[in-house]
Amino acid sequence: LRSNTTAFDDYALVPDALVDVSNIDLSTRVLGVDMALPFYLSPSGGTRLFHHHKEAAVARAAAKAGIIYGQSTMSTSSIEEVGAASSGPKMFQIYSLKDKELTRDFVARAKAANFDALCLTVDSSISGNRERDLRTGLNFPPKIRLSTIAGFASKPRWLWNFMLNPEFTLSNIQSDALGDGMNVFELAHHLMDVSVTWDDAKIIRDLWDGPFAIKGIQSVADAKRAVDIGATAIIVSTHGGRQLDGASAMVHRIAPIRQAVGNKIEIIADSGIRRGSHVLKALALGADACSFARPYIYGLAAGGEVGVTRVVDLISAEI
């Protein structure tokens, strides 16, 4: 978890002097989309936990900035709600679920809602050993209990909106597919197909006729397999260091993967990015673009859509 961010310090920036910087163009093209900035907002589940305006606020902020918003399968707004809330570029993130019909339905709904790209996450069929979540008993929807009441009470504005807007649902998944008040580990075990293979990834890829990314790639061998099944992008990610403790920091994986696959596939760097300098280093090492969730989630929790915009502006200014 820590090394995903601190590993960026292993790389120093070497600037060239006397370069005309009177006109700086940060635009790039990735996942079939022309973006104004070389980063986008990656998928994060359960956005209602952080702010009552949920995923729509993030999607609107991304559209305003001219960058992609990635919506999670585990989002608290439906595919259709996000599609209607934002006319900006959007990517839908999917898993290979036990219910294959539900997986196919997600693809069809994303097409109908005019999403630009599809992303298959491949590192989460088993939930990581997230000890803090185990200790605090993170449930969805959240529950006020003796162990959490102090935390709730310390955030009165959040608690007020929690009481006024009590709806906490995984809007893309039918309620009868879920148990009541599952914790995050039970939820993953209930929904995810642990037998998923590259053959399953190929089936999902063939269902989608647009840009297709595979998220959670860390090894050169897997990057080459992604090319073989026809993916147009790989998202080099360790899930923010929350899945496998002791995995290599994401930033260390960019250059070896780029060297191995050349220009056959787009590479998006995701995990540990906190500053504009991190984006610069990832691009210099061979990434086509970057993505992040945690920074914008902090912005969302602090100020809703305005908070997300503030984070995007800060990182853009740093770049």
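Is Phe106 buried or exposed? In this predicted model, Phe106 has 0% relative accessibility and therefore counts as buried. Phe92 likewise comes out at 0% and is buried too. These two residues make up one of the 6 aromatic pairs in the structure. Their ring centres sit 5.8 Å apart with the planes at 55 degrees, so the pair is classed as tilted. Since Phe92 belongs to strand β5 (residues 90-94) and Phe106 to helix α4 (residues 100-112), the contact ties together parts that are 14 residues apart in sequence. Phe115 joins Phe92 and Phe106 in one aromatic cluster, and Lys90 lies over the face of the Phe115 ring, 5.8 Å from its centre.

Another tilted pair brings in Phe152 and Trp158, with ring centres 5.4 Å apart and planes at 40 degrees. Here Phe152 is buried at 12% relative accessibility, while Trp158, at 22%, counts as partly exposed.

Turning to the strands, β9 (residues 266-270) has 4 of its 5 residues buried, so the rest of the structure largely encloses it. Strand β8 (residues 233-237) runs parallel to β9 and is joined to it by 5 bridges, with Ile234 partnering Ile267 of β9. To get from β8 to β9, the chain passes through helix α11 (residues 251-261) in a right-handed β-α-β crossover. β9 also pairs with strand β10 (residues 289-292), again in the parallel sense, over 3 bridges; Asp270 stands opposite Ser291 of β10. Helix α12 (residues 276-285) completes a right-handed β-α-β unit with β9 and β10.

Technical notes:
Residues numbered from 1 in each chain as written. Predicted model: local features only at pLDDT ≥ 70, side-chain atom pairs only at ≥ 80, totals over all residues. Heavy atoms only, no water. Buried < 20%, exposed > 50% of the residue type's maximum accessible area, 1.4 Å probe, protein only. Helix = DSSP H or I, 4+ residues; strand = E, 2+ residues; numbered from the N terminus. Pairing = 2+ DSSP bridges. Right-handed = clockwise from strand over helix to strand, strands pointing away. Phe/Tyr/Trp six-rings, centres within 6.5 Å; stacked < 30°, edge-to-face > 60°. Lys NZ or Arg CZ within 6 Å of the ring centre and 35° of its normal.
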